[in-house]
Amino acid sequence: MPNIGTRSPGRAGRQPGARTMLGPFCGLSVLFLLTIPAATAVAAAPLILTSGNFYTAADSQPRAEAVVIVEGRITFVGKAADALRRAPANAQRIDLQGVTVVPGLTDAHAHLAAIGERELTFNLEGTASLGELKNKLHERGNQGKPGDWLFGRGWIESRWTPPAFPTRNDLDMAVPDRPVVLRRADGHALVANSLALQRAGIDRNTADPAGGSILKDATGEPTGMLIDNAQDIVLHLLPPPTDTERAQALELGAQRSVRLGWTQLQIAGNSLHEVDQICRLYGQGRIKLRLYDAIYGPGPDVKRLLSDGPSLHGCGDKLPVRSIKLYIDGALGSRGAALLAPYSDAPASSGLLLNTQEKLFPILTQALRRGIQVETHSIGDRGNRIMLDLYERAFATVPVKQRAVAEPRWRIEHAQILNPADIPRFARLGVIASMQPSHAIGDLYFAPSRLGPERLAGAYAWHSLLDSGAIVAAGTDAPVEKGDPLIEFYAAVARRSLQGFADANWHLEQRVSRAQALKMLSLSPAYAAFQEKVRGSIEPGKLADFTVLSSDIMTIPEAQILRTHVLMTIIGGEVVYAAPDAPAHQAVASSAGNPTLQR
């Protein structure tokens with residue numbers, strides 16, 4: 001595996017972040033879906049970004065003052081005076097006045113539709129207590145009709161006092177006359193009220209489904225908590241979003257992402273139907289954000305992808321579809337992550353396996369022969385070991401000569417809890433660790449009780465993975481987390497809560513340097529998407545994607561990183577977002593009209 005500069009110097013078949021009741025697969029072939037024509041592109045005028053504080057993520061030229069952009073690509077990186085001499089006569093100029101510019105940031109793991117849905121539905125993010133949840137639910141329940149479903153998501157109990165799951169009785173007190181379903185922030189658990197359980201036919205006699213758990217109280221009655229695959233018993237009853245609603249969510253999610261400074265988002269699982277919707281939004285000019293797609297499996301969509309093969313240049317080169325998203329286990333917070341030994345705070349459980357090895361292995365071998373990347377949700381140390389074993393067996397079964405892509409760049413999504421013996425296997429197998437730094441500071445409040453002190457040594461082990469030679473691509477898992485790149489950068493370099501707290505046993509030695517963190521959010525995700533030759537660093541010939549920041553995150557005190565904001569997001573040389581205090585365009589050698597800025 002090539003050294004891309006991030007090494008240390010010395011969440012089955014169903015999206016966990018969304019309502020997942022998609023419209024039926026439209027039956028069109030993958031190739032047809034991906035050849036919907038994009039809106040006629042008008043190349044942005046040549047542009048000079050000058051007087052900036054550039055961090056390029058390129059080892060050959062790590063710093064610069066200015067860049068020149070022509071037809072969406074970088075043509076020059078260097079000194080401001082040289083940039084002015086090399087710029088075309090009709091170039092526009094943005095005097096950055098010393099603000100910081102980094103390569104266009106990439107979220108290596110997010111759920112685009114669910115980000116938008118969070119903004120459109122009953123959002124419980126930040127709910128501080130069970131009492132607050134009940135109050136919010138009561139108020140929301142009064143806004144609808146008796147008997148209508150009420151769906152929300154975003155609660156997390158780990159910071160409540162006591163940190164206990166809500167129950168159907170809690171929900172019944174707030175809304176007794178409507179079926180209520182509230183998903184946990186991680187999407188791997190939900191709580192339903194009594195009416196919802198009745199409609200789903202769940203009672204004391206209902207058995208746990210494969211890969212799922214129906215929590216029951218001491219008397220054997222269901223508490224209302226459904227874990228992982230057990231959620232499907234209720235979720236399939238909810239009315240699915242219409243295509244118009246889903247398109248609105250996708251567009252809203254993309255708009256939010258560019259405001260936060262993302263230039264690409266790598267979708268961690270969706271359907272071919274959603275790919276079709278995204279292509280139409282691109283064609284209508286409603287999405288500027290670059291995307292990289294993985295299709296949920298196992299299922300008919302994955303069979304179609306394996307049959308038709310990958311699409312590398314779909315939707316005007318903005319949406320490659322070349323990856324399959326699989327699941328092996330659940331989440332740590334809901335005790336669904338598969339562990340090698342029982343949970344420290346629940347000795348009767350070692351978590352859940354959401355798929356069988358027998359079901360997954362044929363997908364892996366077919367993917368190697370068809371040139372399809374595989375990314376698998378693996379959180380617990382047992383889940384990660386199983387998938388590393390399966391990957392290794394697939395690589396041995398399909399030697400390089402029989403593969404469509406010699407180095408398939410398969411990924412483990414999350415890689416949160418690793419047995420120390422498995423850490424070196426990532427680099428040895430060429431497997432990418434796709435991790436979310438904010439999970440560490442989000443889980444900080446409950447991971448010690450779930451895992452105990454010994455297993456924490458292999459938890460959120462970014463530095464150890466980098467030191468072993470592995471590639472670590474960073475993302476957010478939004479809407480499980482907030483989805484803010486500055487929080488992810490802070491979490492990677494500080495490994496503390498947003499208030500600056502870290503427990504004594506939180507292994508601060510796993511922090512990474514700021515240079516490493518920057519590459520984890522730029523060059524490494526580009527590598528993970530086979531795009532490191534065209535994206536991920538600020539170099540001549542690469543796509544002109546930049547994130548412009550109000551402060552120098554590479555030098556300011558850690559706490560100030562969280563007070564930094566995005567001034568501009570530039571994709572392909574086009575300013576797709578500008579904050580009110582962003583530097584303005586200026587004419588250089590002509591009076592050509594300034595591009596419109598979205599403020």
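The following conversation goes through the nonpolar cores, the aromatic rings and some strands and helices of a predicted model.

Biologist: Let us begin with the interior. Which residues touch the most other members of the largest nonpolar core?

Modeller: Those are L332 and F426, in a core of 106 residues.

Biologist: And which helix gives the most to this core?

Modeller: Helix α13, residues 381-397, contributes seven residues to it.

Biologist: What does F426 touch, leaving aside residues up to four places away in sequence?

Modeller: F426 touches N384 and L388, and its other contacts are I412, A415, L418, V431, I432, A433, L465 and A470.

Biologist: How many residues are in the second, separate core?

Modeller: The second core has 22 residues, among them A64, M568, V575 and A578.

Biologist: Changing topic to the rings: how many aromatic pairs are there?

Modeller: The count comes to eight aromatic pairs. In one of them, Y296 and Y327 are stacked, with 6.2 Å from centre to centre and 25° between the planes.

Biologist: Where in the chain are Y296 and Y327?

Modeller: Y296 belongs to strand β16, residues 290-296, and Y327 to strand β17, residues 321-327. The pair thus connects distant parts of the chain, 31 residues apart.

Biologist: Are Y296 and Y327 buried or exposed?

Modeller: Both Y296 and Y327 are buried.

Biologist: What about F395 and W410: how are their rings arranged?

Modeller: The F395 and W410 pair is tilted, at 5.1 Å centre to centre and with 45° between the planes. F395 lies in helix α13, while W410 is in the loop between α13 and β19. They are 15 residues apart, and both are buried.

Biologist: Which residues do ring pairs link into a cluster?

Modeller: The cluster consists of W155, W160 and F165.

Biologist: Which ring does R322 lie over, and which one has the charged end of R409 over it?

Modeller: R322 is placed over the face of F530, 3.7 Å from the ring centre. The charged end of R409 is over the ring of Y527, 3.8 Å from the centre of that ring.

Biologist: Now to strand β11. How many of its residues are buried?

Modeller: Strand β11 covers residues 180-184, and five of its five residues are buried.

Biologist: How does β11 run relative to strand β10, parallel or antiparallel?

Modeller: β10, residues 150-155, and β11 run parallel and are joined by five bridges. G152 has L182 of β11 as its bridge partner. Between the two strands the chain passes through helix α5, residues 168-174, in a right-handed β-α-β crossover.

Biologist: And in which sense does β11 pair with β12?

Modeller: β11 and β12, the latter at residues 189-192, pair in the antiparallel sense over three bridges. L182 faces V191 of β12. The two strands form a hairpin with four residues between them, and G187 in the turn has a positive phi of about 75°.

Biologist: One last element: which residues of helix α3 are buried?

Modeller: Seven of the nine residues of α3, which spans residues 112-120, are buried. They are L112, A113, A114, I115, G116, E117 and R118.

Biologist: What do the buried residues of α3 pack against?

Modeller: Their neighbours are the strands β8, β9, β15 and β16, together with the helices α8 and α9. Y296, discussed earlier for its stacked pair with Y327, lies in β16.

Notes
Residues numbered from 1 in each chain as written. Predicted model: local features only at pLDDT ≥ 70, side-chain atom pairs only at ≥ 80, totals over all residues. Heavy atoms only, no water. Core = buried A, V, L, I, M, F, W, Y, C linked by side-chain atoms within 4.5 Å. Buried < 20%, exposed > 50% of the residue type's maximum accessible area, 1.4 Å probe, protein only. Contact = heavy atoms within 4.5 Å. Phe/Tyr/Trp six-rings, centres within 6.5 Å; stacked < 30°, edge-to-face > 60°. Lys NZ or Arg CZ within 6 Å of the ring centre and 35° of its normal. Pairing = 2+ DSSP bridges. Right-handed = clockwise from strand over helix to strand, strands pointing away.
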